[in-house]
Amino acid sequence: DHPACSSLRAEAARMGTGDVAVPRALVLLADWSNIFAGISLVIAFATIAGAFTFEAYKMVGAAHSITQVTMTAEGVLWAVGAAALARRSIIEGNAVGAVQQTIICFGGIFFAISGLGDGNPGKVISLRYALAPDTHVLFADACPYYGITCFMVATAWGLSGVWGLDRSKLASPFWGVAFFFMGAWTIGVISLWGPTFVDGFMRYEDMADPDTEMYKQPTFAYKWTHVFQVVGAIFLLIGGLIFGQLDNIFGCGGGDDEEESDLED
């Protein structure tokens, strides 16, 4: 029997599609893409926190290169992983899962664009620029807001779908989705949208010296938010590891054997 994620197989069984064969390569591609995306994001945010929160070094040279490369990589990997999961959901007859993963795929694309364009979300000093980038805020600067919103919507939707499932084991669909939700919303609310909401609709044109005064705005001044970015990235990584364990990609057992047996019957 092909080891597949318990939550998706349970959903397929509920919808009457029964046991379906998902290519193992597709499972591995999805899980490892999500895991390496999480690792890349932890490295990126840890590098940013080291430079701006703890001021251990300047965001130049190697530090800047590491941040840009890992930010780009995590976006590409999230997109690839989500595309693979969307395909898997289609095979299993899980329309809701396919839509959720498509939303996440777009989120990954936005993150990748930000990385490739060397975007700086701190420049989005108010809601005005998140909704309508201009010469002060480029599209690449605003892309992390669009990307994290995709993640927030998809993970909230996903959490509502697994809310009634068993949560007695860490390696379970509930906790896998819950950690993805906590990661997305920690980063989204505390590190991105929160500081941006504080300034409302402030404009660069209202500043006497925008190049200096923008660093006094919450999106730059709240340096402690970078710590929560690392925490959120770790949550996302744990979510990926949980689903990897459920899919038995580590070779040390998968999900609930009893549930697997029930689905086979």
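A nonpolar patch on the surface is formed by W32, F36, I39, I43, I66, L241 and F250, which together have about 570 Å² of accessible area. This is a predicted model, in which local features need pLDDT of at least 70, side-chain atom pairs count only at pLDDT 80 or more, and totals for chains, interfaces and linings use all residues. Residues are numbered from 1 along each chain as its sequence is written, and side-chain values use heavy atoms, with hydrogens and water left out.

Patches are built from residues with over 30% relative accessible area and no salt bridge; like charges are joined within 9 Å and nonpolar side chains (Val, Leu, Ile, Met, Phe, Trp, Tyr) within 5 Å. Accessible areas come from the Shrake-Rupley method with a 1.4 Å probe, and for residues only the protein chains shown count as cover.

Helix α2 (residues 24–52) supplies the largest share of the nonpolar patch, four residues. Helices (H or I, at least four residues) and strands (E, at least two) are DSSP runs, numbered from the N terminus. L241, another member of the patch, lies in helix α10 (residues 225–246). L241 counts as partly exposed because its relative accessibility is 35%. The classes are buried (under 20% relative accessible area), exposed (over 50%) and partly exposed (in between), with a 1.4 Å probe and protein chains only.

Turning to charged pairs, a search of the whole structure finds four salt bridges. A salt bridge is a side-chain nitrogen of Lys or Arg within 4 Å of a carboxyl oxygen of Asp or Glu. Three of the pairs are listed here.

| Salt bridge | Closest N and O atoms |
|---|---|
| E55 and K223 | 3.0 Å |
| E92 and R88 | 3.7 Å |
| D206 and R203 | 3.1 Å |

In the salt bridge between E55 and K223, E55 lies in the loop between α2 and α3 (61–91) and K223 in the loop between α9 (218–221) and α10, so the pair ties together parts that are 168 residues apart in sequence. E55 is exposed, at 54% relative accessibility, while K223 is partly exposed at 33%.

In the pair of D206 and R203, D206 has a relative accessible area of 52% and is therefore exposed; R203, at 34% relative accessibility, is partly exposed. Elsewhere, R88, E92 and D247 are joined into one network by salt bridges that share partners. Within this network, E92 is buried, with a relative accessible area of 2%, and R88 is buried as well, with 1%.
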